[in-house]
Amino acid sequence: MEKYILFIQGGGNDGYNIDAPMVNSLKHALGDGYEIIYPKLHIDESVSDFGWPDQIGRRIDDIRGDVILVGHSLGASLLLKYLSESNVQKKIAGIFLLATPFWAGDEDWVKGLKLQENFAGKLPKQVPLFLYHNMDDEEIPIENLASYAKKLPHATVHKLPKGGHLFNNDLRFLAKDINFVFSSKED
């Protein structure tokens, strides 16, 4: 059985290429039996969420079979936005979020990125959810992890000591958790 992972990139001018070493690390750590789908998302500045939730939804729908979802930074937050604001039909085996910003404030630029107040109750039910954040992340402060942990008490939360925003481009820890989730689904 092929195991599919959809990895959603972080933002920034070159987020796709910047995150590529993390994706390669995950591919190497997982080995055979997994197909990682890593689409390049395009920024549409004419909409407040950059059009990413729609692109994410199309990518999820294109996958044949169960899927594990992984998101980094902006991609992780917009993956949550899509999952909590859409009627997702696809069977999701797990959700893994890396260095996820928790958008707050009333500025116009942040309104399209913010999650609804009750987003946690709208996420797919019975799906394992994992949150990871490095204490030395200089892009997204560690306090963002605490905000998510409070809103998502059922999530498995990993506060890691170091690795920066890009987890030192070493996602072996994530591969272990993905293997665990898929192996428990097969039992």
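In this predicted model, strands E3 (residues 67–72) and E4 are paired in the parallel sense, and six bridges connect them. One of the residue pairs in this arrangement joins Ile 68 to Gly 94, the latter being the bridge partner in E4. Strand E4 itself, which spans residues 92–98, is mostly covered, with seven of its seven residues buried.

These two strands belong to a chain whose secondary structure comprises six helices and six strands. Followed along the sequence, the elements appear in the pattern β-α-β-α-β-α-β-α-β-α-β-α. The chain is as compact as a globular protein of its length, because its radius of gyration of 15 Å is close to the 16 Å that the globule rule gives for 187 residues. Taken along the principal axes, the box filled by the C-alpha atoms is roughly 45 × 35 × 30 Å.

With regard to contacts within the chain, 76% of those between residues at least 6 apart in sequence join residues that are at least 24 apart. Burial, described above for strand E4, can also be stated for the chain as a whole, where buried residues account for 48% of the 187 residues.

The surface and the charges complete the description. The accessible surface of the chain amounts to about 9500 Å², and carbon and sulfur atoms contribute 48% of this area. The chain carries 20 positive and 26 negative charges, and the mean positions of these two sets lie 5 Å apart.

How values were computed
Residues numbered from 1 in each chain as written. Predicted model: local features only at pLDDT ≥ 70, side-chain atom pairs only at ≥ 80, totals over all residues. Heavy atoms only, no water. Helix = DSSP H or I, 4+ residues; strand = E, 2+ residues; numbered from the N terminus. Rg over C-alpha atoms; globule rule 2.2 N^0.38 Å. Buried < 20%, exposed > 50% of the residue type's maximum accessible area, 1.4 Å probe, protein only. Contact = heavy atoms within 4.5 Å. Areas by Shrake-Rupley, 256 points an atom, 1.4 Å probe, with all protein chains shown as cover. Lys, Arg positive; Asp, Glu negative; His and termini not counted. Charge placed at Lys NZ, Arg CZ, Asp CG, Glu CD. Pairing = 2+ DSSP bridges.
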